[in-house]
Protein chains: 2
Amino acid sequence: MTDRQKMFMQFIDKFIRDNGYSPSVREIAKGMGLSSTASVKNMLDRLTQSGALRRTENIARGLEKPSHGIPVLGRIKAGLPVTSEENVEGYIRLDKPIGDDHFFLRVDGDSMKDKAILDGDCVLIRLTNQVTSGQMGAFRINGEVTLKTFERTSAGVFLMPANPDFAPIPVGEYDDFRVIGTVKMVIRALEGGYDIEPA
Amino acid sequence: MTDRQKMFMQFIDKFIRDNGYSPSVREIAKGMGLSSTASVKNMLDRLTQSGALRRTENIARGLEKPSHGIPVLGRIKAGLPVTSEENVEGYIRLDKPIGDDHFFLRVDGDSMKDKAILDGDCVLIRLTNQVTSGQMGAFRINGEVTLKTFERTSAGVFLMPANPDFAPIPVGEYDDFRVIGTVKMVIRALEGGYDIEPA
DNA sequence: TCCATAGACGAACAAGTGTTCGCCTATGAA
DNA sequence: TTCATAGGCGAACACTTGTTCGTCTATGGA
């Protein structure tokens with residue numbers, strides 16, 4: 001990609017970030033200091049052809065930047081620059097839409113620390129009442145919400161902590177018990193990485 | 001929001017997901033089985049006014065769905081439905097753009113397990129060579145990339161594991177050493193939650 | 001009954017918008 | 001030199017698109 005093409009991409013990218021919709025041909029022309037819309041169309045065609053941009057023809061503001069997410073590097077091959085293509089194992093799409101049956105539960109306390117979940121971590125919960133033995137999830141028991149591992153044994157149902165300082169919680173027939181959802185992901189933000197926006 | 005309004009939102013949402021740009025008034029009309037664009041405009045005005053939709057007037061395909069991310073629930077107040085407004089402590093925007101100076105490093109091995117980072121976890125690294133003592137980061141030493149805590153003491157510089165089975169790595173004057181970046185976030189996907197897309 | 005609100009019709013208008021066509025310049029490789 | 005490629009101009013064209021206006025129906029209070 002040429003420098004000029006990078007400049008176009010940056011402009012389009014920023015425009016989309018700022019406005020939530022892509023720029024029109026004339027807006028790009030203006031932003032890039034061009035007087036002809038044909039020049040823009042040429043450039044868009046080049047960018048589309050090289051795969052840097054996705055676009056639906058004849059559609060107003062039909063530009064998309066084909067983000068494939070943030071690269072995941074696995075074993076890094078010696079000799080190569082760290083972020084080079086050869087090291088990429090895959091991508092994680094942080095912009096992938098998640099249905100509104102998901103929410104994060106902020107972990108309070110160390111009761112799951114042996115499962116590497118710490119106080120302050122956020123666990124992504126998917127709302128469901130389907131839970132199998134051994135699965136981690138969020139549960140409400142007698143009015144209190146807790147993060148535990150669900151265990152069904154011959155001795156009954158238990159909510160198991162992952163910390164010897166805490167005792168398993170037996171779920172009796174007369175307890176007010178509800179499965180809230182299962183844990184799909186654990187996120188821990190360090191030193192101001194991904195922050196939580198106030199409500 | 002009325003049922004009809006929800007149907008509009010769903011249509012628009014799906015359209016954006018499918019196409020990467022928002023539908024035009026006429027496309028909405030067609031999709032909702034309406035014959036007049038005025039009906040659509042009425043509805044869009046209602047949705048915009050109630051805050052369900054964001055939109056720039058007079059701009060083609062200028063619709064946005066105002067996602068404020070995934071809610072984070074902290075201490076859940078008893079008596080309330082779990083996902084009710086009152087429980088929301090904040091939001092995490094998974095669709096927040098991250099610059100391309102970030103990448104994920106897939107953790108290989110248990111050398112940081114006492115810091116609650118497990119084999120297979122993904123750590124978000126921000127490329128930088130600024131690192132202070134006590135900070136966790138990715139380092140290259142003698143051709144090998146490793147995730148460790150950086151420690152500068154009177155005895156010299158060390159890369160500290162968080163696992164008694166591993167020994168600190170002293171960084172000597174003649175070692176080939178480079179700071180790759182610092183850890184901003186830890187992500188662990190459980191049972192097919194957020195998956196890694198193949199490269 | 002009166003009235004506000006949600007929802008809808010159809011036609012016409014005024015911008016907005018992508019595309020095309022012919023032509024031009026500069027750069028770098030063959 | 002010759003040629004391919006990136007980048008650009010300006011005007012004209014045709015289609016897309018949001019908006020407006022008057023009118024209508026149904027529903028659910030007050």
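# Close-up views of a predicted protein–DNA model

**Figure 1. The second largest pocket is lined by 20 residues.** Those nearest the centre of this pocket are Asp108(A), Glu144(A), Val145(A), Thr146(A) and Leu147(A). Two elements of chain A, β5 (102-106) and β8 (144-153), give two or more residues each to the lining. Of these elements, β8(A) gives the most, with five residues. By class, the lining has 10 nonpolar, five polar and five charged residues. The space in the second largest pocket is about 520 Å³. This view, like those that follow, is taken from a predicted model.

**Figure 2. Chain A laid on chain B.** A turn of 180° with a shift of 0.1 Å along the axis lays chain A on chain B with an RMSD of 0.3 Å. This is the relation of a two-fold axis. Of the interface residues of chain A, 99% are also interface residues in chain B, so the copies meet through the same surface.

**Figure 3. DNA strand D is surrounded by 25 residues.** The closest come from both chains: Arg4(A) and Ser35(A) from chain A, and Val25(B), Arg55(B) and Arg61(B) from chain B. Within 4 Å of the protein, 63% of the atoms of DNA strand D belong to sugar or phosphate, and the rest belong to bases. The residues of the surface near this strand divide into eight nonpolar, 10 polar and seven charged.

**Figure 4. Side chains of chain A at phosphate oxygens of DNA strand D.** Three residues are shown in turn. In the side chain of Thr2(A), an N or O atom is 2.6 Å from a phosphate oxygen of DNA strand D. For Arg4(A), a polar side-chain atom lies 2.5 Å from a phosphate oxygen of the strand. For Ser35(A), the distance from a side-chain N or O atom to a phosphate oxygen of DNA strand D is 2.3 Å. Both Arg4(A) and Ser35(A) are also listed among the residues closest to DNA strand D.

**Figure 5. Helices at the surface near DNA strand D.** At least two residues of this surface are supplied by each of α1 (3-19) and α3 (37-49) of chain A, and by each of α2 (25-31) and α3 (37-49) of chain B. The most comes from α3(A), which gives six residues.

**Figure 6. DNA strand C is surrounded by 26 residues.** Val25(A), Arg55(A), Arg61(A), Ser35(B) and Ser36(B) are the closest of these. Sugar and phosphate make up 59% of the atoms of DNA strand C that come within 4 Å of the protein. By class, the surface near DNA strand C has eight nonpolar, 10 polar and eight charged residues.

**Figure 7. Side chains and helices at DNA strand C.** A base oxygen of DNA strand C is 2.6 Å from a side-chain N or O atom of Arg26(A). On chain B, the side chain of Arg4(B) has an N or O atom 2.7 Å from a phosphate oxygen of the strand. The side chain of Gln5(B) has a polar atom 3.1 Å from a phosphate oxygen of DNA strand C. The elements that give two or more residues to the surface near this strand are α2 (25-32) and α3 of chain A, together with α1 (3-19) and α3 of chain B. The largest share, six residues, comes from α3(B).

**Figure 8. Phe11(B) lies in helix α1 of chain B.** Leaving aside residues up to four places away in sequence, Phe11(B) touches Pro23(B), Glu27(B), Ile28(B), Gly31(B) and Met32(B). For a sense of distance within chain B, Arg140(B) is 129 residues from Phe11(B) in sequence and 49 Å from Phe11(B) in space, C-alpha to C-alpha.

Notes:
Residues are numbered from 1 along each chain as its sequence is written. Chains are lettered from A and ligands numbered from 1 in the order in which they are written. This is a predicted model: local features need pLDDT of at least 70, side-chain atom pairs count only at pLDDT 80 or more; totals for chains, interfaces and linings use all residues. Side-chain values use heavy atoms; hydrogens and water are left out. A residue is near a molecule or strand if one of its heavy atoms lies within 4 Å of it. A polar contact is a pair of N or O atoms within 3.5 Å; within protein, one must be able to donate a hydrogen and the other to accept it, and residues adjacent in sequence count only if both atoms are side-chain atoms. Helices (H or I, at least four residues) and strands (E, at least two) are DSSP runs, numbered from the N terminus. Ala, Val, Leu, Ile, Met, Phe, Trp, Tyr, Cys and Pro count as nonpolar, Asp, Glu, Lys and Arg as charged, and the others, Gly among them, as polar. On a 1 Å grid over the protein atoms alone, a cavity is a set of points where a 1.4 Å probe fits but cannot get out, and a pocket is an open set with protein on both sides within 12 Å along at least five of seven lines; lining residues have an atom within 4 Å of a point. Grid points are joined across faces, edges and corners, and a volume is the space filled by probe spheres set on the points. Copies are superposed by least squares on the C-alpha atoms of residues with pLDDT of at least 70 in both. Contact means heavy atoms within 4.5 Å.
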